[in-house]
Amino acid sequence: MTSLQIAVRKNDLLEITIEDIGNDGQGIGKYNGYTLFVKDTVVGDRVQVKVMKAGKTYGYAKLVEILQPSEYRVTPRCPIADKCGGCQLQHMDYQKQLEYKENKVLNCLTRIGGFKDIPMEPIIGMDQPYYYRNKSQFPVGLRKDGKAAIGFYAGRTHTIIDTEHCYIGAKVNDDIIKFIRSFIEEYKIEPYQEEAHKGLLRHILIRVGFHTGDVMVCLVINGNKLPHSQELIQGLKKIPGMKSICININKEKTNVILGEKIIPLWGEPYITDYIGSIKYRISPLSFYQVNPIQTKKLYDLALEYAGLKGDEIVWDLYCGIGTISLFLAQKAKQVYGVEIVPAAIEDARANAELNSIKNTEFFVGAAEEVLPNKHRDENLHCDVIVVDPPRKGCDQSLLETITAMAPKKVVYVSCDPATLARDLKYLCENGYELKRVRAVDQFSHSVHVECVALMSRVDE
Ligand code: SAH
């Protein structure tokens, strides 16, 4: 047994100073050299904590009292910020949040990627770090009093915290949820009970086009039909901007929110919105960036890093509804997009047409299959490859094809700095160098950070 194990035990009450913030937003402090993670704390806080779990080298503790608040501590606007799983950093000054996120990217590139002298540019923060989300997904459950709970999951659990108002969601959400609560009550719609996998209404998905004002409501149900849907439509239609009301069928016992089948109830089966001058059609099942203002900055940055002159062939992998592809198409000769969700590709093609953009072509399939196959069969030439993968990053086989195709530039848009660092390391070991990297805050008050990196071929 080491002296560290003796030093800290479960249920100990200790006083520590928070010195750092971990990847999931927990404060990190030391007691006699033993590391403790404490939720809801900020660098500089002097706190009393209770040890909840003590492992060999580190443990977890609960905040009992703030003895001396940090200069970076602020009072969260949201009264349930500490319970709700959506925001982890509302108690931290926004500038400090940005610093934390930039450091997170730097740390990953250093530790995982092995990079030195990183060409990091200053993080692009938000001017208004509240009410920025154009998409909200509210889980519905059963409260102890038999009424519906509609809100958000508490951190790391599926306990639903009833919510009247979310400070990062669109303001129109309140009226929609209020009406749906009364609808559920009046027509005895049974909320879903996850454990027992029974009940009807599982989730409420709301999407808002920030530039057009279009609103979409999609009710996810564990069944084939929503009773009294006419009454639902009558009520929702009165909400300003309402353009699309639909049902999504999800009868699986799963954590995945949306099923595959959409049944339109009223209005259009999609909404439209703009990013810059490009108009996008968005279906309920398609991925669309949740923070439209920062997305414009993100795409402008990707376009700047791509440095297009007009004669380039560009591939946009993981293209969603063609958002980045259409941005790039304005400056390139030809853009090819690849995306795994068929509905998103339908949107991408429709979006190209909607904007009279003729130099794009879209393919459905996994990037790690489509690109290697195309390259093998057609020996493709390409100048720039843009990738924007989900958190797990790119498959090794895709990275191999990218290096075999040897484009002059690879622009990597990432929502997870750890997998970004891993993938950039591979590219650097195979003929590329890291030229520029910059984080963009798309999700204030959460620990997530988006960033863009430019890799150039070394022999250019
Ligand atoms: N570039 C788009 C979407 C980025 S999100 C935008 O900015 O809006 C990542 C996208 O990758 C999602 O649309 C997801 O459906 C898609 N995706 C996930 N795995 C994939 C894979 N293996 N191949 C291609 N696309 C994939």
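**Exercise 1. Which backbone oxygen does the side chain of T419 reach, and at what distance?**

Before solving, note that this is a predicted model, in which local features need pLDDT of at least 70 and side-chain atom pairs count only at pLDDT 80 or more, while totals for chains, interfaces and linings use all residues. Residues are numbered from 1 along each chain as its sequence is written, and side-chain values use heavy atoms, with hydrogens and water left out.

Step 1. Find T419 in helix 10, residues 417-429; helices (H or I, at least four residues) and strands (E, at least two) are DSSP runs, numbered from the N terminus.

Step 2. Follow the side chain of T419 to the backbone oxygen of R391, which it reaches at 2.8 Å. A polar contact is a pair of N or O atoms within 3.5 Å; within protein, one must be able to donate a hydrogen and the other to accept it, and residues adjacent in sequence count only if both atoms are side-chain atoms.

Step 3. List the surroundings: leaving aside neighbours within four places in sequence, T419 is in contact (heavy atoms within 4.5 Å) with R391, K392, G393 and Y412.

**Exercise 2. Decide whether T419, V314, F179 and R77 are buried, exposed or partly exposed.**

Step 1. Set the cut-offs: buried means under 20% relative accessible area, exposed over 50%, and partly exposed in between, with a 1.4 Å probe and protein chains only.

Step 2. T419 has a relative accessible area of 12%, so T419 is buried. V314, in strand 16 (residues 313-317), has a relative accessible area of 0% and is therefore buried as well.

Step 3. F179 is found in helix 3 and, with a relative accessible area of 22%, is partly exposed. R77 lies in the loop between strand 5 (58-68) and helix 2, and at 46% relative accessibility R77 counts as partly exposed.

Step 4. Add the partners, not counting residues up to four places away in sequence: V314 touches L308, L328, A332, Q334, V335, Y336, V384 and V386. With neighbours within four places again left aside, F179 is in contact with E231, L232, G235 and L236, and R77 with Q90, Y130 and Y167.

**Exercise 3. Set separation along the chain beside separation in space.**

Step 1. F179 and L236 are 57 residues apart in sequence and 7.4 Å apart in space, C-alpha to C-alpha.

Step 2. V314 and N222, by the same kind of reading, are 92 residues apart in sequence and 42 Å apart in space, C-alpha to C-alpha, while the C-alpha atoms of R77 and T212, 135 residues apart along the chain, are separated by 28 Å.

**Exercise 4. What is the sign of phi in D117, and where does D117 lie?**

Step 1. Recall the background: most residues other than glycine have a negative phi.

Step 2. Phi of D117 is near 45°, a positive value in a residue other than glycine. D117 lies in the loop between helix 2 (94-111) and strand 6 (120-124), and D117 counts as exposed because its relative accessibility is 78%.

Step 3. Repeat the reading for K188, whose phi is near 50° and positive too. K188 has its place in the loop between helix 3 (173-186) and strand 10 (201-208), and at 70% relative accessibility K188 counts as exposed.

**Exercise 5. Describe the surroundings of the ligand.**

Step 1. Count the shell: 17 residues are around the ligand, a residue being near if one of its heavy atoms lies within 4 Å. Y299, T323, E339, A367 and D388 come nearest.

Step 2. Locate two contributors: helix 6 (323-329) and helix 8 (367-378) each supply at least two residues of the shell.

Step 3. Examine the polar atoms. A polar side-chain atom of Y299 lies 2.4 Å from an oxygen atom of the ligand, and an N or O atom in the side chain of Q289 is 3.0 Å from an oxygen atom of the ligand. In the side chain of D388, an N or O atom is 2.9 Å from a nitrogen atom of the ligand.

Step 4. Consider the cover: taken alone the ligand exposes 570 Å², and the protein buries 90% of that; the areas come from the Shrake-Rupley method with a 1.4 Å probe, and for residues only the protein chains shown count as cover.

Notes
A residue is near a molecule or strand if one of its heavy atoms lies within 4 Å of it.
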